[in-house]
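Work through the following exercises with the sequence and the model side by side. Each task is followed by a solution that goes step by step.

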Amino acid sequence: MKKKLLAIMCTVAMGLGLMAGCGKTATNEQSSATEGQDQSSAVETTTAGDTLIYGSNDYTRINPAIDEHGEINLLLFDGLTAHDADNNVVPGLAEKWDIDDENNTYTFHLREGVKWHDGEAFSAEDVKFTIEAIMNPDNESEIASNYEEVESITVEDENTVTFKLSEKNVAFLDYMTIGILPKHLLEGKDMQNDDYFRNPVGTGPYKMTEWVEGQSIALEANEDYYKGAPKIKNIIFKIVDDDNAKALQLQSGEINFAKITPKDAQSLADKDGYKVYNMKTSDYRGIMYNFNNQFWKDNADIIPAINYAIDRQAMVDSVLLGDGIVGYGPLQRNVYNDESTDIWSYDPDKSKEIIEAAGWTLGDDGIYEKNGTKLSFTVNCKEGDQVRADLAAIASQQLKEVGVELKVNVTSDIDWENQEAFLIGWGSPFDADDHTWKVFGTGKGSNFNSYSDKNVDKALKKARQTDDTEKRAEYYSEFLKAINENPPYTFFCYVDVDYVSNVGISGITTETILGHHGVGIFWNVGEWTLE
């Protein structure tokens with residue numbers, strides 16, 4: 001359980017970027033050097049030497065096999081497959097593959113001559129080691145559910161590896177985008193805590209040079225990268241945990257590029273010297289209920305009332321400033337979404353009807369109560385995420401209007417086992433199986449609130465096992481209807497993101513739909529140039 005809680009913490013913190021690290025760079029010298037300068041000279045200082053300084057949140061480790069959502073993973077690691085600008089699967093470390101549908105067998109043919117950052121040769125043994133490490137229950141990987149059909153992995157030769165699946169998983173090629181780890185550095189090591197994960201060696205376009213705890217992570221171009229050396233020679237992930245501070249540091253020139261709040265992005269959009277990249281995402285926000293908590297064991301029947309009490313458009317307008325869409329389910333930016341499942345209209349009267357039908361009586365203070373217990377619960381928000389805190393605050397106001405007390409707790413310390421609710425962020429721009437099977441399936445690796453519904457499990461299983469698009473659409477419709485009947489979350493909205501730069505950057509694909517917490521903008525970073 002201790003490892004599992006660590007994995008959960010890393011997942012959510014990586015998504016928020018709220019983690020702590022270790023190492024050393026010259027960021028402080030650059031910061032002090034900008035004092036007293038005007039903005040333009042500060043920017044010139046921080047970009048000297050073909051260096052991009054990215055305003056990042058912090059990390060405690062970098063481990064693609066355990067933690068899915070580190071933005072930095074795309075710079076350090078490669079998978080056998082990759083995603084292109086349209087999120088389609090394309091070759092990565094594997095230049096091609098053969099699929100035997102009848103026997104559920106995938107054979108990957110690896111690129112020859114690929115090297116790890118330490119100069120050692122990449123091989124099929126590394127692939128086998130990585131996926132077996134993910135599948136090993138002792139490692140408690142949050143993404144193990146993606147590979148649960150893998151029955152055997154056979155190294156045919158140093159450049160060929162075969163996966164035999166026990167049953168069909170149509171998302172398997174998507175899941176082979178996961179970063180491959182080096183067997184020669186990790187065999188026999190602790191896959192949660194080994195020091196490697198603070199000094200990672202990958203095959204990606206950049207390699208790490210230094211890491212200062214709580215300050216910066218320095219990367220330099222991998223001159224031996226199989227696609228060719230990246231054009232930007234150095235990228236520094238400067239640690240800036242607070243969203244508001246990122247905007248200030250963009251203006252001071254301490255950083256060149258960052259994801260900031262919609263409010264801050266709008267304030268910079270019309271100023272000379274700044275470029276705003278407004279990117280669509282598949283990233284939704286909402287309340288995740290902890291069904292291990294006694295309150296929700298007793299009162300899950302009032303969750304539909306909460307769903308009807310939320311004015312989602314007001315959230316999009318006031319918090320996101322129009323940078324997003326109202327949310328009602330987890331597949332709205334996926335080809336398998338079913339718009340007919342959008343049943344959660346803003347209807348305060350219906351909300352009160354549901355509450356009163358469940359036996360609650362309105363108290364003198366305007367909050368419903370039953371058997372001496374108030375209809376009151378607390379939602380936790382991770383410290384540093386202003387948008388999440390603002391969404392929770394609006395939800396609190398809206399729920400009070402229907403007699404529900406929602407208390408908001410913004411904290412860096414989350415009691416995952418005992419909390420009542422969390423302001424969750426999830427979503428994937430890839431195959432519909434991603435972020436549904438492992439998030440809502442009973443007992444799966446990212447099912448952090450112990451949600452369980454047999455109809456959900458059945459629909460997701462069927463969808464996972466067919467590549468017939470019409471049948472998949474039917475099964476995902478069944479899934480969406482099932483989570484309406486037994487809601488795991490109260491969905492709020494999809495949060496589009498604003499990346500802002502104070503230097504010219506070419507190569508960013510603005511039409512790419514990004515993923516969880518805006519992760520994915522660096523998918524083609526090796527092609528970027530500073531202007």
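Two strands count as paired if DSSP finds at least two bridges between them, and the elements themselves are DSSP runs numbered from the N terminus, with helices being H or I runs of at least four residues and strands E runs of at least two. This is a predicted model, in which local features need pLDDT of at least 70 and side-chain atom pairs count only at pLDDT 80 or more, while totals for chains, interfaces and linings use all residues. Residues are numbered from 1 along each chain as its sequence is written, and side-chain values use heavy atoms, with hydrogens and water left out.

**Exercise 1.** Determine how many bridges join strand 5 to strand 7, and in which sense the two strands run.

Solution. Begin with strand 5 (residues 105-110) and strand 7 (residues 160-165), which run antiparallel and are joined by five bridges. Within this pairing, Phe108 of strand 5 has Val161 of strand 7 standing opposite. Next, place the pair in its sheet, an open one of four strands in the order 4-5-7-6 with antiparallel pairing. Strand 4 (94-100) and strand 6 (150-157) each have a single partner strand and stand at the edges, so one side of each lacks a neighbour in the sheet. On average, neighbouring strands here are turned by 20° against each other, direction ignored, where axes are lines fitted to C-alpha atoms, for helices over the stretch in contact, and angles run from 0 to 180 degrees between N-to-C directions.

**Exercise 2.** Find which strands helix 5 lies across.

Solution. Helix 5 (residues 124-135) lies across strand 5, strand 6 and strand 7, and its direction makes about 165° with strand 6.

**Exercise 3.** Establish whether strand 13 is enclosed or open to the outside, and which strands pair with it.

Solution. Six of the six residues of strand 13 (residues 284-289) are buried (under 20% relative accessible area, with exposed over 50% and partly exposed in between, using a 1.4 Å probe and protein chains only), so the strand is largely enclosed by the rest of the structure. Strand 13 pairs with strand 20 (residues 421-426) in the antiparallel sense over six bridges, and there Met288 has Phe422 as its bridge partner. Strand 13 also pairs antiparallel with strand 21 (residues 489-495), over five bridges, where Tyr284 is matched with Tyr494.

**Exercise 4.** Explain why Cys381 forms no bond to the closest cysteine sulfur.

Solution. A disulfide is a pair of cysteine sulfur atoms within 2.5 Å, and the structure holds zero of them. The sulfur of Cys381 has its closest cysteine sulfur in Cys493, 12 Å away, which is too far for a bond. Cys381 is buried, at 0% relative accessibility, and Cys493 is buried with a relative accessible area of 0%.

Definitions and conventions
Contact means heavy atoms within 4.5 Å.
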